[in-house]
Amino acid sequence: MASGTALIYDEKMATHKLLWSDPICDIEVPERLSSSYEQLKSYHLVERCVPVPAREGSEEEILLVHSLEHLEVAKSTQTMNEEELKRVSENYDAFFFHPSTYHCARLAVGATLQLVDAVMSGEVRNGMALVRPPGHHSQRNAANGFCLFNNVAIAAEYAKLKYGLQRILIVDWDVHHGQGIQYIFEEDPSVLYFSWHRYEHQEFWPSLKESDYDAVGLGKGKGFNINLPWNKVGMGNSDYLAAFFHVLLPMAFEFDPELVIVSSGYDSGIGDPEGQMNATPEVFAHLTHFLMQLANGKLCVILEGGYHLKSLGESVCMTVKTLLGDPVPQITGEMAPCLSAVESIQNVRAAHKPYWKWLAYEDTSFLQNLSTKSHLLKKANSNTSTEHETKITNNNNTVKVERFLELHMKNILFPVPPIKTATIGSEGSEHFLSEHVQLVKEMDKTEIKSLVSGFYADLVEEDKILLSLGSMLAILDKILKKEVCNGIAASPTAALSAAVALRHSVRFGFQRVLCVFVGDMQITPNTEDGKMLIINICEKEQPGKTSCKHCISLNWKEDAEGNDFFSAVLGFILPVAYSYQPNLTVIAVGPNRSLGISGISLLVALLQGLAESRIVAVIEDTEISLLQSVAKALGGASTPPFGIYVPPTQEKVKKIKALRDQFQQEWKMLQCSGKLSD
Ligand code: X5A
Ligand code: ZN
């Protein structure tokens, strides 16, 4: 199994720079590259990565996407003087040539292809390439928007050709629309392109009609181009996560890519003068973590935009840290998407309904944006500020965001325990012991008794049960004390163990503990104080049990043919869990589980985005392969056995929709349509 994270960086790419004054292009500076690399060094991330050298992309490789004419024009700029360079540059929308530009752009292409090779050959699991100039705006015959050669598009064509790939996912989280990538793959069903972008009803650059949600692809490629336009600035963490839950990720799971490439612009992050968005660096850890669950972890992240140096650097670090397998920091801020974001999400879902099976039974309809009006209103009222004034405000804001990030990163970053998973050396555990797993000493009986007394003492008669509670508590203690990240315990009574775990962590001081219980739960703890949230996944409706805000029953039986559970995880469980923001997650598997190993592994993998990845898994099952799979998922294995993805049936889609309607006022990350039920 592939392990390790490649990092590609070559300081030569910092020689491409603007030689004359141009207020549009002056943000694309060499320091974007060098300061990001310095930031990586200061977090000691560079030394943890596998260094892979850049190389020049060949002419043949560039011609996979570009015209010979474009290549020749670019080549001819190497020997030009400043005046000539300026003249050629003026032929394009927002581009500048420097004598070193051609060489840098070839290095950017080659660096990207080196990363694809390192990942595809299994030399590493994933990686990031820091490149300049960026690529996603450049087109077959034109430079555009700071981009000369389309690094990511070339990489996708290269991977198709060299490795015979049939499904590649490109995720473009840059704040601009990568129209260059869209044009290149519009008719190609083997490349699924997703882009969100600042759009403001076509007012924001590049102001194209074809950046809207209704551009879904052409011919055979219909359904394989996904545009999510943001019609307002100020989009933040919850808007980005909602877009992943309700648009990108379900499509990505249904598509089941063999390789994921990210057009990784950080101008969608806070403080960026272009994007004007509010997403904080840790959101990129979450986005990265989600994408790591696809394509057996084969993930290539390629730098595109990002113009606030501090915000860019921190976001790059969060991305690389996550690629390396570090636990994901807790997301901050109010977890509710804004109305304008929800409208955009609803519209892109409606536009794609004909092409995706998981959407087929959703009753999506188009929404004429309410925000259109308020947008025009806002515009009409805004007093006209001069260019100069705008610059000053931006500079103030830049400094403000720098100070904010300084503090913010100190708050969200936490020391990573050297050992990831704790377990008890019980029967069977030898099957999943590895260097990342620590054996925990069992507690003695009196200690356990004193811990359990007060709540479930009467239930604990048998020694065997007492001992298993002791094991679980010993593991939980290590997690609570942050000596390990997560833990796994076998238990003859999962419901009792989970209940004790919940009570113990609340008593320890945790304010919100999430419990996802798979199977029949014989004991239901009292959740009235809101300090616990239980989601019970079971096959049949329990008579007499009604769901409430903190105790939700989800009746679901995994499809026998394949894994359809992803639709419930993305459409319900994760949105609820992210709305709740737990400090600890308990996953318990009890009797009569209605999920297979693949479903449970997926759950474990995705829930690691919450609670700083603190998870305790309690499993009442003698099946060694389940224990092994969960232990693997907890360790961040790159090949989780998720099985074959199949879309959910109409009945299941309705079930999720009913739950969403029931709970979306309380758990707002569930919202994905503008018209809320009452
Ligand atoms: C790669 C990238 C932005 C171009 C903006 C031109 N390009 N106004 O972020
Ligand atoms: Zn951009």
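Begin by selecting ligand 1 together with G145, where a nitrogen atom of the ligand is 3.0 Å from a polar backbone atom of that residue. Keep in mind along the way that this is a predicted model.

With ligand 1 still selected, add the side chain of D267, in which an N or O atom is 3.0 Å from an oxygen atom of the ligand. Then add Y307, which places a polar side-chain atom 2.5 Å from an oxygen atom of ligand 1. If you now turn on the surface, bear in mind that ligand 1 has 310 Å² of accessible area on its own, and that the protein covers 96% of this area.

Next, widen the selection to the residues around ligand 1, of which there are 14, with H137, G145, H176, D267 and Y307 being the closest. Coloured by class, this shell shows 6 nonpolar, 5 polar and 3 charged residues.

For the second stop, leave the ligand and select helix α8, residues 237–255, along with helix α11, residues 339–352. The axes of these two helices are 10 Å apart, and the helices pack at an angle of about 10 degrees; because angles under 35 degrees count as roughly parallel, α8 is described as roughly parallel to α11.

To see where the two helices meet, show the side of the contact that belongs to α8, namely D239, A242, A243, H246, V247 and M251, and then the α11 side, made by A341, I345, V348, R349 and H352. Coloured by class once again, the residues of this contact between α8 and α11 divide into 7 nonpolar, 2 polar and 2 charged.

How values were computed: Residues are numbered from 1 along each chain as its sequence is written. Chains are lettered from A and ligands numbered from 1 in the order in which they are written. This is a predicted model: local features need pLDDT of at least 70, side-chain atom pairs count only at pLDDT 80 or more; totals for chains, interfaces and linings use all residues. Side-chain values use heavy atoms; hydrogens and water are left out. Axes are lines fitted to C-alpha atoms, for helices over the stretch in contact, and angles run from 0 to 180 degrees between N-to-C directions. Helices (H or I, at least four residues) and strands (E, at least two) are DSSP runs, numbered from the N terminus. Angles under 35 degrees count as roughly parallel, over 145 as roughly antiparallel, 65 to 115 as roughly perpendicular and the rest as oblique. Contact means heavy atoms within 4.5 Å. Ala, Val, Leu, Ile, Met, Phe, Trp, Tyr, Cys and Pro count as nonpolar, Asp, Glu, Lys and Arg as charged, and the others, Gly among them, as polar. A residue is near a molecule or strand if one of its heavy atoms lies within 4 Å of it. A polar contact is a pair of N or O atoms within 3.5 Å; within protein, one must be able to donate a hydrogen and the other to accept it, and residues adjacent in sequence count only if both atoms are side-chain atoms. Accessible areas come from the Shrake-Rupley method with a 1.4 Å probe; for residues, only the protein chains shown count as cover.
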